[in-house]
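These notebook entries record what I looked up in one structure, element by element. I begin with a pair of strands and work outward from there.

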Amino acid sequence: MCGIVGYVGPRQAQGIVVEGLRRMEYRGYDSAGVALVVSGPEGHDGGTTVATAKKAGKLANLEKLIADEPMPAATTGIGHTRWATHGAPNDRNAHPHRGDTGRVAVVHNGIIENFVELRDELERQGHVLLSETDSEIVAHLLEVEVLGGADLTTAMQRVCCRLEGAFTLVAVDGGDPDRVVAARRNSPLVVGIGEGESFLGSDVAAFIEHTREALELGQDQVVTLTRDGVDVTTFAGEPAQGRRFSVDWDLSAAEKDGHDWFMRKEIFEQPRAVADALLGRRSPAGQLQLDEMRLDDDELREIDKIIVIACGTSFYAGMVAKYAIEHWTRTPVEVELASEFRYRDPILTHDTLVVAISQSGETADTLQAIRHARTQGSKVLAICNTNGSTIPRESDAVIYTHAGPEIGVASTKGFLTQLVACYLLALYIAQVKGTRYGDEIDQIMRQLEEIPAHIDTVLAGAEEIYTLAREHVGARSVLFLGRHAGFPVALEGALKLKELAYLHAEGFAAGELKHGPIALIEEGLPVLCVVPPRGRDQLHEKMLSGIQEVRARGARTICLAEAGDDKIAPYADVLIRLPRVPVLLQPLVAVVPLQLFACELATALGHDVDQPRNLAKSVTVE
Ligand code: F6R
């Protein structure tokens, strides 16, 4: 939610900041703005001042504004792309915000919970606040400090001590041209370290074009960027240190590579992403090893209950994890929406393992849930894609998913690699607890290693899915049915369609349909059915009955069934073939046609697939 960028160095800041904003736009696209420290007639001590430009709507609107009314040259600048929380998405509420004299400009990501008290206080003192945002108060508070003689770093430290809530703040002072100061609490911020120049971004994609050396900031820290380097302190002004790391992907990973959408590119990257998620997970002797995980085997053996917490698509990965972990390890698993978790007073002990799944590693609901779990004495293991993000840092253990940057707002490769991490975790616990024989684990690992080739097969049939999607441009509603591990796939298929095509879509457990939802079926209603592989637990037979029931009532059945499944043909109006894989692994192949379907239908409807309305990639507010 909201993308933030900052630069100080010898080069022209405007281009670097705007380019960084382009890479951050997936985080919010309600408005965009920049502030540059420029030389000017109204200059402060050093003859410099702050110039801002901001515009409602997507970044393109800001770019047009800057093209029409060029900004002066500057080598220090900050930028913001907004996902609105407080105040409508208009020009006035766009960031950066400035204080009364215009000397200090600030951008903000997060929510300042005590902003009403602080705004009242400022207004009582005669300050004039122009926007409806919670962020503008920070510009005024910083400016009061700076006009009182504090440097921007000290001002930021003092102001942060007064703020409650979640915030990343980045500020510049017109009287101090070569300094950018930032702070973070419960909201993401990463520093890029270049040669004689420094960068800031909500994530590393903001500056990956310029440097792959990064510094992850801790909670409640302030960072000062100058040409000479970076300096980190606590809010109290004590020296502090961030964690240095090198980014292991390059610019091409953050580009569209000839695809119309990042989402489509990321769908097609899935064979590679799954292969990367599996890489290096076995020792030379064939034992499963999870190097990044910081829990030791004794601790894992003691675990008597697992609670998986996550939101949205990651929650559906958690639902699949439950099937896999319980089946392979016989350890009871609960799956809970992170936003609900702490409010139900969950039963947590030292022997409960909480698994938090988050692609971004910044989702506020998930972060608050893991904090709650840790205060109750439970261990937390994060399954995360983003190195340097908050959730893994605040967890006891982590499995990184290694999907590479996911930029399309709708999660695709993030989801598949989360599934892989969940299977790996399940198999690892099985290995440690001895609930599965080594050769069985080995066999499942080999089946997992075949999945990239199976996804390639599904992707080879993309044109067929696209044609199908385009046939549904006039649909008003689409249902998705699944059973067992296919149920979360049905939910995910429906979510993709809702968020991208803005179409009513519902996913159901096929067996549940007859308990009410079957009343929704009417002539011609498209129903996508994820058919389980044949053979186990009568799942397949039961699914066939469900399909017959909806078809008898006029539904148009679009069935995803494994190659060689002859029984399904008579009941399928459309048949999409899936590679043959075991039922627990089927989500890895079955979800791919549903992603392609949603992407293409949204494209045909003329929607912006990478930036669907009302959404943002990382949801850093509760
Ligand atoms: C849907 C989607 C969201 C996220 C959810 C959690 O396509 O992307 O539902 O899955 O907001 O995000 P993370 O995994 O970053 O915690």
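**Entry 1. An antiparallel sheet and its helices**

I started with strand 12 and strand 13, which run antiparallel and are joined by six bridges. For one register point I looked up Val222, whose bridge partner in strand 13 is Thr233. I note here that the model is a predicted one.

I then traced the sheet to which the pair belongs. It is an open sheet of six strands in the order 5-6-7-8-12-13, with antiparallel pairing. Strand 5 and strand 13 (229–234) are at the edges with a single partner strand each, so one side of each has no neighbour in the sheet.

Next I checked which helices contact these strands. Helix 4 (residues 136–147) lies across strand 5, strand 6 (104–112) and strand 7 (165–173), and its direction is at about 135° to strand 6. Helix 5 (residues 152–160) also packs on the sheet, where it touches strand 7, strand 8 (180–185), strand 12 and strand 13. The direction of helix 5 makes about 160° with that of strand 7.

**Entry 2. A parallel sheet**

I looked up a second sheet, which is open and has five strands in the order 16-15-17-18-19, paired in parallel. Which strands stand at its edges? They are strand 16 (333–337) and strand 19 (397–400); each has a single partner strand, so one side of each is left without a neighbour in the sheet. From one strand to the next, the twist averages 20°.

At one end of the order I examined strand 18 (residues 379–384) and strand 19, which pair in the parallel sense over four bridges. Cys384 is found opposite Tyr400 of strand 19. I also recorded helix 9 (residues 312–329), which lies across strand 15 (305–310), strand 16 and strand 17 (352–358). Helix 9 runs at about 175° to strand 16.

**Entry 3. Helix 2 and the strands it packs against**

I asked which residues of helix 2 (residues 59–68) are buried, and found Leu59, Leu62, Leu65 and Ile66. Viewed down the helix axis, the buried residues of helix 2 fall within an arc of 120°, so they line one face. Lys64, Ala67 and Asp68 are exposed on the other side of helix 2. The packing partners of the buried residues are helix 1 (13–24), strand 2 (31–39) and strand 3 (48–56).

I followed strand 2 further. Eight of its nine residues are buried, so I entered strand 2 as mostly covered, taking buried to mean under 20% relative accessible area. Strand 2 runs antiparallel to strand 3, with nine bridges between them, and Val38 stands opposite Thr49 of strand 3. Strand 2 also pairs with strand 4 (residues 76–82), again in the antiparallel sense, over six bridges. There, Val34 has Gly79 of strand 4 as its bridge partner.

**Entry 4. Backbone exceptions**

I searched the backbone for departures from the usual pattern, since most residues other than glycine have a negative phi and most peptide bonds are trans. The peptide bond from His95 to Pro96 is cis, with omega near 0°. Pro96 is in the loop between strand 4 and strand 5 (97–98).

Asp220 is not a glycine, yet its phi is positive, at about 55°. Asp220 lies in the loop between strand 11 (213–216) and strand 12 (221–226), and it is partly exposed, with a relative accessible area of 24%. Arg330 likewise has a positive phi, near 60°, in a residue other than glycine. Arg330 is in the loop between helix 9 and strand 16 and counts as exposed at 63% relative accessibility.

**Entry 5. Cysteines**

How many disulfides does the structure hold? I found zero. For Cys2, the closest cysteine sulfur is that of Cys160, 16 Å away and too far for a bond. Cys2 counts as buried, at 6% relative accessibility. I returned to Cys384, whose sulfur is 12 Å from the closest cysteine sulfur, in Cys422, which is also too far for a bond. Cys384 counts as buried, at 0% relative accessibility.

**Entry 6. Domains**

Last, I consulted the domain assignment of the protein, which gives domain 1 (3–244), domain 2 (258–449) and domain 3 (456–608). The centres of domain 1 and domain 3, taken over C-alpha atoms, are separated by 46 Å.

Conventions: Residues are numbered from 1 along each chain as its sequence is written. This is a predicted model: local features need pLDDT of at least 70, side-chain atom pairs count only at pLDDT 80 or more; totals for chains, interfaces and linings use all residues. Side-chain values use heavy atoms; hydrogens and water are left out. Two strands pair if DSSP finds at least two bridges between them. Helices (H or I, at least four residues) and strands (E, at least two) are DSSP runs, numbered from the N terminus. Axes are lines fitted to C-alpha atoms, for helices over the stretch in contact, and angles run from 0 to 180 degrees between N-to-C directions. Contact means heavy atoms within 4.5 Å. Buried means under 20% relative accessible area, exposed over 50%, partly exposed in between (1.4 Å probe, protein chains only). The arc is that of the directions from the helix axis to the C-beta atoms. Domain bounds come from an automatic or database domain assignment. A disulfide is a pair of cysteine sulfur atoms within 2.5 Å.
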